[in-house]
Amino acid sequence: MKNSTKAVAIVGLVSASSAFALDMDFNSVDVDSNGAISMEEASKYPELMQQFKDLDANKDGELSEKEFAKAE
Ligand SMILES: [Ca+2]
Ligand SMILES: [Ca+2]
């Protein structure tokens, strides 16, 4: 019971915060096509920014395609 309530709440949050999580793919976020997503590029995607530091496994301040693949 608790889980289904939580799922409904999450669905509500996602639809309220627009659709960028749905069509966020590496090539479109990587505006300059250098193979890495800088913080500046990620800054257009608030949901990505929230995860940026966690996703940046090697702490170089950019997300490789492999690091980005872990984004939700
Ligand atoms: Ca880039
Ligand atoms: Ca990195």
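## A tour of two calcium sites and a helix

Start at S33, which counts as exposed because its relative accessibility is 60%, above the 50% cut-off. The model is predicted. Keep S33 selected and look at its backbone. S33 lies in the loop between α2 and β1. Its phi is positive, about 50°, although S33 is not a glycine. That is worth a pause, because most residues other than glycine have a negative phi.

**Stop 2: calcium ion, ligand 1**

Select the calcium ion (ligand 1) and show its donors. Which residues coordinate this ion? They are D30 through OD, D32 through OD, N34 through OD1, A36 through O, and E41 through OE, with E41 (OE) listed twice. The distances run from 2.2 to 2.5 Å. Follow the donor residues of ligand 1 along the sequence, and the spacing reads D-x1-D-x1-N-x1-A-x4-E.

Turn on the angles. The six donor atoms of ligand 1 give 53 to 154°, and the site is irregular. An octahedral label would need opposite donors over 155 degrees apart, so the 154° upper end at ligand 1 falls outside it.

Now colour two of the donors by accessibility. Is D30 buried or exposed? D30 is buried, at 3% relative accessible area. D32 is partly exposed, at 49%.

**Stop 3: calcium ion, ligand 2**

Move to the calcium ion (ligand 2). The donors here are D56 (OD), N58 (OD1), D60 (OD), E62 (O) and E67, whose OE appears twice. They sit at 2.2 to 2.6 Å from the ion. The spacing along the chain is D-x1-N-x1-D-x1-E-x4-E.

What do the angles say about ligand 2? The six donor atoms subtend 52 to 154°, so this arrangement is irregular. Pick D60 next: this donor is partly exposed, with a relative accessible area of 47%.

Then step to K59. K59 lies in the loop between α4 and β2. Its phi is positive, near 55°, and K59 is not a glycine. K59 is exposed, at 61% relative accessible area.

**Stop 4: helix α4**

Select residues 46-55, which form helix α4. Which residues of α4 are buried? Highlight E47, L48, Q51, F52 and L55. These buried residues span an arc of only 145° around the axis, so they lie on the same side of α4. Rotate to the other side of α4 to find Q50 and K53, both exposed.

Return to the buried side and show what covers it. The cover includes α2 (26-29), β1 (36-38), α3 (39-42), β2 (62-64) and α5 (65-68).

**Stop 5: an aromatic pair**

Show the aromatic rings. How many aromatic pairs are there? The count is one. The pair is F26 with F68: ring centres are 5.6 Å apart and the planes meet at 65°, so the geometry is edge-to-face. F26 belongs to helix α2 and F68 to helix α5, so the pair ties together parts 42 residues apart in sequence. Check the accessibility of each ring's residue. F26 is buried, at 7%. F68 is buried too, at 8%.

**Stop 6: the annotated segment**

Finish by selecting residues 43-72. UniProt lists this range as "domain: EF-hand", in an unreviewed entry. Across residues 43-72 the chain is 47% helix and 10% strand. Draw a line between the end C-alpha atoms of this range, and they are 16 Å apart.

Terms used:
Residues are numbered from 1 along each chain as its sequence is written. Chains are lettered from A and ligands numbered from 1 in the order in which they are written. This is a predicted model: local features need pLDDT of at least 70, side-chain atom pairs count only at pLDDT 80 or more; totals for chains, interfaces and linings use all residues. Side-chain values use heavy atoms; hydrogens and water are left out. Donors are N, O and S atoms within 2.8 Å of the metal (3.2 Å for Na, K and Ca); water is not among the atoms, so sites may look incomplete. Four donors count as tetrahedral if all angles lie between 85 and 135 degrees; four count as square planar and six as octahedral if opposite donors are over 155 degrees apart and all others between 65 and 115; anything else is irregular. Buried means under 20% relative accessible area, exposed over 50%, partly exposed in between (1.4 Å probe, protein chains only). Helices (H or I, at least four residues) and strands (E, at least two) are DSSP runs, numbered from the N terminus. The arc is that of the directions from the helix axis to the C-beta atoms. Contact means heavy atoms within 4.5 Å. UniProt positions are given in the numbering used here, feature names are shortened, and annotations may be inferred rather than shown by experiment. Rings of Phe, Tyr and Trp (its six-membered ring) pair if their centres lie within 6.5 Å; planes under 30 degrees apart count as stacked, over 60 as edge-to-face and the rest as tilted.
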